Amino acid sequence: MLSTALLSSTRRTLATTPLRTLSSATVLPRITERRPDETGRGGRASDAGVKVCVFGATGFLGRYVTSGLVMSRCVSHAANHHRIFYAHSSSTPGRTINLIYPIFNEGTNGVLTYIGSRGDEFAYRHLRPHFELGRAKFQFYSSRDRQSMADLIADADIVINLIGKYYDTKKLENTDKFPYLNYSISTSIHEANVVVPRTIAELCTEMQVDNLIHVSSAAANPESSSEWARTKYEGEQEVLKAYPWATIVRPTQMFGHEDKLLNWFANMAGRFPVVPLIEGGHALTQPVWVDDVARTINRIIDDPEMFEGRRVDCFGPQDYSYAELARFVYDITGQEPTLSEVPSQVANYAAGVLQYEGNPLMTPDLVNLWSEDYLPEMTPEEYESQPKKDKVFTMKDLGVESTPIEKVAFKYLHRFRKGGHFILAEGYH
């Protein structure tokens with residue numbers, strides 16, 4: 001066991017040493033001593049009496065959210081040693097209170113996490129190393145079995161819904177006529193984005209769960225040509241109807257190691273000589289780093305009552321057209337596909353075929369989505385000038401600075417280079 005002097009020395013050393021983020025960062029518990037209201041040694045190995053249930057933990061965003069529940073990323077001197085206070089007005093039914101919200105290090109320690117999965121143990125085994133032994137419960141559930149979902153929620157204090165789908169899952173079924181097989185829909189976009197969130201919200205109300213965090217999308221719009229965007233909006237409304245105190249998180253398109261944005265361009269170039277730019281690639285998007293969204297959610301978990309019935313918008317520092325993103329990706333990967341400006345009607349022909357893949361690169365609905373701007377509702381100036389009452393929060397309000405896409409993209413896109421990263425010998429002698 002470290003002595004008190006050695007532990008203090010370690011803290012001073014870490015406080016003055018710049019640390020990198022992501023998997024290469026040094027990770028320490030946010031709180032190293034045991035708090036008065038918890039049991040255990042303190043930090044991630046302790047029991048702070050907070051139970052969090054996560055639906056959709058095995059997805060892209062889910063792995064980062066669950067990682068943040070048990071560890072903190074020490075990213076700067078200020079993050080480790082200073083409290084940063086943000087003034088907000090929290091409005092909940094029956095009360096309006098001005099609050100001062102303290103921001104500490106990222107992540108929440110001592111959390112017992114319930115993780116639901118519709119697959120076998122191989123679907124979530126990558127999440128197991130995130131947790132101390134006994135600090136996570138993995139349980140099977142079916143989104144069509146209400147009782148199994150209630151069993152997963154159990155006595156959770158906070159429920160997080162990360163479930164979403166951008167395509168209809170298809171399955172083969174027998175038919176009486178030739179060719180005796182037919183594709184049918186197993187799980188639809190509407191079921192994943194509307195029915196399941198509504199069920200979770202209803203269960204949270206029935207079981208008197210303290211807080212619900214629902215992750216939607218900045219593209220949520222009832223007038224969108226994309227069914228995905230329309231169902232995201234409808235899902236929000238159904239959640240708020242069943243659980244009016246829910247916190248809605250609206251991220252723009254997320255980028256990161258497992259994303260379907262920058263990787264999409266690289267994968268398309270690896271499979272096809274021509275990569276389509278839908279409607280010329282002129283539509284705008286403002287990508288946000290998935291880790292920034294996860295950190296925002298973890299900070300909401302630190303003080304969930306403050307964000308009851310409120311919305312938190314997450315977006316990157318700059319907008320790009322899809323054509324600009326394509327050229328940015330190929331500048332990193334060295335791929336040289338032909339970029340073709342294609343009308344959405346033409347792109348739908350190719351998408352109609354590719355949609356039958358197991359994890360489709362293109363679907364007709366994705367074509368519709370990428371034909372429209374995918375941006376936050378307001379400009380940064382408009383977010384800042386909002387009145388405090390009913391304010392829409394942003395990541396900045398929670399002390400999370402948005403990470404530029406240029407700082408992260410190279411880390412996972414250089415693998416698409418022919419010969420790998422080290423084929424470019426110049427500059428590495």
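Which residues line the largest cavity? In this predicted model, the lining consists of Trp264, Phe265, Pro276, Leu277, Ile278, Gly281, Tyr322 and Trp370. The report begins with this cavity and then turns to the sheet, one of its strands and a serine residue.

**The cavity and helix α7**

The count comes to one cavity of 30 Å³ or more, and about 50 Å³ of space lies in the largest cavity. Such space can be located in a general way: a probe the size of a water molecule, rolled over the atoms, shows where empty space is left. Two elements, α7 (262-271) and β14 (274-278), each supply at least two residues of the lining. Strand β14 provides the largest share, three residues.

Helix α7 is itself mostly covered, as seven of its ten residues are buried. These are Leu262, Asn263, Trp264, Phe265, Ala266, Met268 and Ala269. The elements that cover the buried residues of α7 include β13 (254-255), β14, α9 (322-333), α11 (364-369) and α13 (409-413).

**The open sheet**

An open sheet of eight strands shows parallel pairing, in the order β7-β6-β2-β8-β11-β12-β17-β20. Strands β7 (136-140) and β20 (393-394) stand at the edges with a single partner strand each, so one side of each is left without a neighbour in the sheet. At the β7 edge, five bridges pair this strand with β6 (residues 111-117) in the parallel sense. Three pairings in the sheet may be set side by side.

| Strand pair | Bridges | Bridge partners |
|---|---|---|
| β6 and β7 | five | Tyr114 and Lys137 |
| β11 and β12 | three | His214 and Ile248 |
| β12 and β17 | four | Ile248 and Arg311 |

**Strand β12**

Is strand β12 largely enclosed or left open by the rest of the structure? All five of the five residues of β12 (residues 247-251) are buried, so this strand is largely enclosed. In a regular strand, the side chains alternate between the two faces of the sheet. Strand β12 has Thr247, Val249 and Pro251 pointing one way, and Ile248 and Arg250 pointing the other way.

Strand β12 has parallel partners in β11 (residues 211-215) and in β17 (residues 311-314). Ile248 of β12 is the bridge partner of His214. The chain passes from β11 through helix α6 (residues 227-242) to β12, and this β-α-β crossover is right-handed. Ile248 also stands opposite Arg311 in β17.

**Ser217, between β11 and α6**

The loop between β11 and α6 contains Ser217. Why is Ser217 classed as buried? Its relative accessible area is 2%, and a residue counts as buried because its value is under 20%.

The side chain of Ser217 takes part in polar contacts. One is with the side chain of Tyr374, at 2.7 Å. In addition, a polar atom of the Ser217 side chain lies 3.0 Å from the backbone nitrogen of Ala219.

Apart from its neighbours within four places in sequence, Ser217 is in contact with Trp228, Lys232, Glu236, Val249, Arg250, Pro251 and Tyr374. Among these residues, Val249, Arg250 and Pro251 are also buried residues of strand β12. Val249 and Pro251 point one way from β12, whereas Arg250 points the other way.

Key: Residues are numbered from 1 along each chain as its sequence is written. This is a predicted model: local features need pLDDT of at least 70, side-chain atom pairs count only at pLDDT 80 or more; totals for chains, interfaces and linings use all residues. Side-chain values use heavy atoms; hydrogens and water are left out. Buried means under 20% relative accessible area, exposed over 50%, partly exposed in between (1.4 Å probe, protein chains only). Two strands pair if DSSP finds at least two bridges between them. A crossover is right-handed if, with the strands pointing away from the viewer, the path from the first strand over the helix to the second runs clockwise. A polar contact is a pair of N or O atoms within 3.5 Å; within protein, one must be able to donate a hydrogen and the other to accept it, and residues adjacent in sequence count only if both atoms are side-chain atoms. Contact means heavy atoms within 4.5 Å. On a 1 Å grid over the protein atoms alone, a cavity is a set of points where a 1.4 Å probe fits but cannot get out, and a pocket is an open set with protein on both sides within 12 Å along at least five of seven lines; lining residues have an atom within 4 Å of a point. Grid points are joined across faces, edges and corners, and a volume is the space filled by probe spheres set on the points.
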